[in-house]
Amino acid sequence: MAYLDHAATTPMLPQALDAYVRTARELGNASSLHASGRAARRTVEESRERIGEALGAKPSEVVFTGSGTEADNLAVKGLHWARRASGRNRLVTTAIEHHAVADAVAWLGDHEKADVTELPVDKLGRVDVEVLAELLDEHADAITVITCMWANNEVGTIQPVCEIAALAAPHGIPVHTDAVQAVGHTPVDFAACEADALTLSGHKLGGPTGTGALLLRRDTKLTPLLHGGGQEREIRSGTLDVPGIAALAEAVAHAVRTQEAESQRLAVLRDELVARVREAVPEAVYNGDPEHRLPGNAHFSFPGCEGDALLMLLDAAGVECATGSACSAGIAQPSHVLLAMGAGEDDARSSLRFTLGWSTTKADVDALAAALPEAVERARSAGLS
Ligand SMILES: Cc1ncc(COP(=O)(O)O)c(C=O)c1O
């Protein structure tokens, strides 16, 4: 099986798995005062330090959550609620967010009458900073929070998040960034960027599924979603998942330490994949930004093919990939990201995402190149339904 869907989830790193198993054997609630509890607390605090150190955050700025989705919801709703006031009820987002952000924003619009402004993107999938600058000139006082992802999960385009944060800072508007696809894949430095909140997720960088964190500046006000035992500075109540946190820290530390070399290795493999796809299917359209792009992402439209059909044909041939975002796969709708980039409905429905990760080798690229011509021919004869 050639697995080319690392942006959906990537295998756990052996050292993260070891940390998980080792810690799962130990007893202890990190809030208990006895020796077992103190040992669990020590593991949590050491993990917090490791994650902070890897990402340029203070340990106290790391808030553990149960997923990237939870951290996104916590940031978007929590920052909005904390700053909502009379005359201030506008959230600013982008047209290409993952559903974990986009649907949280839409929920605030539908259920709480928040005003929502979506920043457009260009045809490479990059957010238009000029539009934000104009918006800030006119409406800065009305804005509660700005949320813009660090890197897009479908086409891999890296966003000008730190530019956005620098524009927002003089107005005192908090900026959240969903960096789920970025951490461990491209340099991320929380201290150097003026963003106030940053989401990461364990299973996108070699840690366990169901782990995540929100990096949150100490002086940024946020209303919690969960109430209970008051863990995590009362920002995220719930008994801490000590093995998950230990494994997350191991994965973050490793992914960040090896990021530069691994990005170079993946970019070479990815460029070969792109060349081989173009050779096999000359009409294939390469989507996204060739320059500001995640090293492990290749995204194509195959004119005349239904993306879902092509995915199933490749799957039958032993090659696993994705159409649009994995979280919304199964729903036969064109990708909102490609539509925002100006693609027509047919192109948006005929696209496939190939994503590479730490376990990818040239054999995976070879398998795709071997399987693609027949799969495309068969998908094309089935046509666009
Ligand atoms: C950009 C982005 N944000 C958020 C998420 C959600 O993270 P999790 O799967 O940890 O809930 C994903 C997962 O696909 C993602 O790609």
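Colleague: Which helix gives the largest share of the shell around the ligand?

Modeller: Helices are DSSP runs of H or I with at least four residues, numbered from the N terminus, and here helix 3 (residues 68-83) gives the largest share of that shell, 3 residues. This is a predicted model, in which local features need pLDDT of at least 70 and side-chain atom pairs count only at pLDDT 80 or more, while totals for chains, interfaces and linings use all residues. Residues are numbered from 1 along each chain as its sequence is written, and side-chain values use heavy atoms, with hydrogens and water left out.

Colleague: How many residues surround the ligand?

Modeller: A residue is near a molecule if one of its heavy atoms lies within 4 Å of it, and 14 residues surround this ligand, with T69, D178, Q181, S201 and K204 being the closest.

Colleague: Which atoms of the ligand do T69, D178 and Q181 approach?

Modeller: A polar contact is a pair of N or O atoms within 3.5 Å. An N or O atom in the side chain of T69 is 2.5 Å from an oxygen atom of the ligand; a polar side-chain atom of D178 lies 2.6 Å from a ligand nitrogen atom, and one of Q181 lies 2.7 Å from a ligand oxygen atom. Accessible areas come from the Shrake-Rupley method with a 1.4 Å probe; the ligand taken alone exposes 390 Å², of which the protein buries 92%.

Colleague: Is L17 buried or exposed?

Modeller: Buried means under 20% relative accessible area and exposed over 50%, with partly exposed in between, so L17, at 41%, is partly exposed. L17 lies in helix 1 (residues 14-24).

Note on methods:
Helix = DSSP H or I, 4+ residues; strand = E, 2+ residues; numbered from the N terminus. Buried < 20%, exposed > 50% of the residue type's maximum accessible area, 1.4 Å probe, protein only. Polar contact = N/O pair within 3.5 Å; in protein donor to acceptor, adjacent residues only side chain to side chain.
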